[in-house]
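Here are some exercises on how helices pack and what sits in the core. Have a go at each before reading the solution.

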Amino acid sequence: MKELIDILHNEGLTLVIKSADGNLHRFTQRGVKDLLALVTEQPQVLQGALVADKAVGKAAAACMAVGGVSRVYTDVMSEPALALLQRYGIEVQHSQLVDHIINRAGDGWCPMERLSHDEDDPVVIIQKIKAFFSSH
């Protein structure tokens with residue numbers, strides 16, 4: 001995991017994934033868009049993967065759980081994300097645990113955190129994320 005964490009921080013990325021086949025995947029988009037694309041279009045990248053992410057809220061955790069990720073490191077994780085990942089047996093390491101992920105303006109909840117807050121089924125959370133992006 002140290003290699004992924006170093007890449008995440010040293011290259012200024014938002015997400016680094018080491019897939020089960022050993023390939024490294026680097027991402028720069030903020031939010032859950034990269035994870036959503038992977039779980040939808042390239043689920044084999046996530047299956048058994050190691051993940052280093054800047055911030056993990058419950059929506060991102062849902063994508064990781066459905067994708068079959070094995071281990072996750074994040075700088076900031078929400079308590080609901082931690083609970084979801086642990087429920088699916090995913091090993092978790094975080095630098096900071098928070099009540100919820102905040103929005104980019106820093107003045108409220110992240111929209112994805114709010115959207116997923118009252119839902120426990122990760123498949124339903126992913127459906128809600130897709131509906132959100134298709135309407136915005």
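Axes are lines fitted to C-alpha atoms, for helices over the stretch in contact, and angles run from 0 to 180 degrees between N-to-C directions. Helices are DSSP runs (H or I, at least four residues), numbered from the N terminus. This is a predicted model, where local features need pLDDT of at least 70, side-chain atom pairs count only at pLDDT 80 or more, and totals for chains, interfaces and linings use all residues. Residues are numbered from 1 along each chain as its sequence is written, and side-chain values use heavy atoms, with hydrogens and water left out.

**Exercise 1.** Work out how α4 and α7 pack, and which residues make the contact.

Step 1: take the geometry. Helix α7 covers residues 122–135, and its axis lies 9 Å from that of α4 at an angle of about 120°.

Step 2: classify the angle. Under 35 degrees counts as roughly parallel, over 145 as roughly antiparallel, 65 to 115 as roughly perpendicular and the rest as oblique, so α4 and α7 are oblique to each other.

Step 3: list the contact (heavy atoms within 4.5 Å). From α4 come Lys58, Ala59, Ala62, Cys63, Ala65 and Val66, and from α7 Pro122, Val123, Ile125, Ile126 and Ile129.

Step 4: sort them. Count Ala, Val, Leu, Ile, Met, Phe, Trp, Tyr, Cys and Pro as nonpolar, Asp, Glu, Lys and Arg as charged, and the others, Gly among them, as polar. You get 10 nonpolar, no polar and 1 charged.

**Exercise 2.** Do the same for α2 and α4.

Step 1: α2 (residues 33–41) packs on α4 at about 25°, with the axes 9 Å apart. That makes the two helices roughly parallel.

Step 2: Leu35, Leu36 and Val39 of α2 touch Ala60, Cys63, Met64, Val66 and Gly67 of α4. The split is 7 nonpolar, 1 polar and no charged.

**Exercise 3.** Find the largest nonpolar core and the helix that gives its largest share.

Step 1: know what to look for. A nonpolar core is a set of buried (under 20% relative accessible area, 1.4 Å probe, protein chains only) Ala, Val, Leu, Ile, Met, Phe, Trp, Tyr and Cys residues joined through side-chain atoms within 4.5 Å.

Step 2: the largest one has 36 residues, and Ile17, Val56, Met64, Val72, Leu85 and Ile129 have the most contacts inside it. Helix α4 (residues 58–67) supplies the largest share, 7 residues.

Step 3: check for others. A second, separate core holds 9 residues, including Met1, Leu4, Ile7 and Leu13.

Key
Buried means under 20% relative accessible area, exposed over 50%, partly exposed in between (1.4 Å probe, protein chains only).
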